[in-house]
Amino acid sequence: MASDISGLALRQRRIRILLYWIMALAAISVIVSFAFDMAELTLLYQARDQTYASIEQFTIEADKSDQRQKIVGWYLIIIWVALIVSWLFWTYRSSRFAHSLAASVPISSPAVSVAWYFVPFANLVMPYKALRQIIMATRNPTDWKQAQIGYLPLLWWLAMIGNNVLDRITFAIAVKAEKIPELLVANGLSMASNLAGLIYLVLTYVLVKNMYADQLNAANRLAGALQKPV
């Protein structure tokens, strides 16, 4: 049993490192996107106030800005998809780890913990509930309901939902924006979305770090218990 749990902990380490790399790339992409939004904002103000040097130069700069936004937009989509997939793997493995510590604990199975993310309406609550159960069972397998997990999982969950909602609103407004005032609103929402994404990434990093520390502590406790003489 100890060897099985040690193997699970090792696989968690690999997924954790992968998550860290993807999160780092996502953070860089978000920062670059924010910088491009700032550059676009300058162009929008020039268009609104007609302070550009020449219409030809302004058109060239506007086309360059559009191309930059398209490139970073597609790159962000790829990175966020990779992050989602990696997070689902992390959730599945974390649930397996929790079950290996306390097989009799009535928490969501690894498959169900992942499946909740794809169930409409239920995915607003149930993935968070499953995550709480995983953390609690890992910290205290013998009395998991008494485990204290703090506010970090809830803050992470709210940040994820808020970031997703803001992304959807931003996209819906951006695709319809044509006039300068509408473009300014879309630009402001895009910058807010980038900031929300950065907050979400930071919270995800801290959450994964804490969960992995709990898993190592649990594996070490079990190994120590098995090595004690009867």
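In which hand, left or right, does α2 pass α4 in a crossing? The model examined here is predicted, so local features need pLDDT of at least 70 and side-chain atom pairs count only at pLDDT 80 or more, while totals for chains, interfaces and linings use all residues. Residues are numbered from 1 along each chain as its sequence is written, and side-chain values use heavy atoms, with hydrogens and water left out.

The crossing of α2 over α4 turns out to be left-handed (the near helix is turned anticlockwise from the far one by less than a right angle; clockwise would be right-handed). Helices here are DSSP runs of H or I with at least four residues, numbered from the N terminus. The two helices pack at about 40 degrees, with 9 Å between their axes; axes are lines fitted to C-alpha atoms over the stretch in contact, and angles run from 0 to 180 degrees between N-to-C directions. That angle makes α2 oblique to α4 (under 35 degrees counts as roughly parallel, over 145 as roughly antiparallel, 65 to 115 as roughly perpendicular, and the rest as oblique). On the α2 side, the contact (heavy atoms within 4.5 Å) takes in Trp87, Thr91, Ser94, Ser95, Phe97, Ala98 and Leu101, and α4 answers with Leu131, Ile134, Ala137 and Thr138. By class, that contact splits into seven nonpolar, four polar and no charged residues (Ala, Val, Leu, Ile, Met, Phe, Trp, Tyr, Cys and Pro count as nonpolar, Asp, Glu, Lys and Arg as charged, and the others, Gly among them, as polar).

Helix α4 (residues 126-139) also meets α5: their axes come within 10 Å and cross at roughly 155 degrees. This makes α4 roughly antiparallel to α5, and the crossing is right-handed. Pro127, Tyr128, Leu131 and Ile135 of α4 touch Pro153, Leu154, Trp156 and Trp157 of α5, a contact with eight nonpolar, no polar and no charged residues.

As for empty space, the model has one cavity of 30 Å³ or more. On a 1 Å grid over the protein atoms alone, a cavity is a set of points where a 1.4 Å probe fits but cannot get out, whereas a pocket is an open set with protein on both sides within 12 Å along at least five of seven lines; lining residues have an atom within 4 Å of a point. Points are joined across faces, edges and corners, and a volume is the space filled by probe spheres set on them. The largest cavity, at about 30 Å³, is lined by Ile134, Ile135, Thr138, Met211, Asp214 and Gln215, with α4 and α6 each giving two or more residues.

The largest pocket holds about 1,900 Å³. Its lining counts 49 residues, with Ile77, Asp167, Arg168, Phe171 and Ser193 nearest the centre. Helix α2 gives the most, 17 residues.
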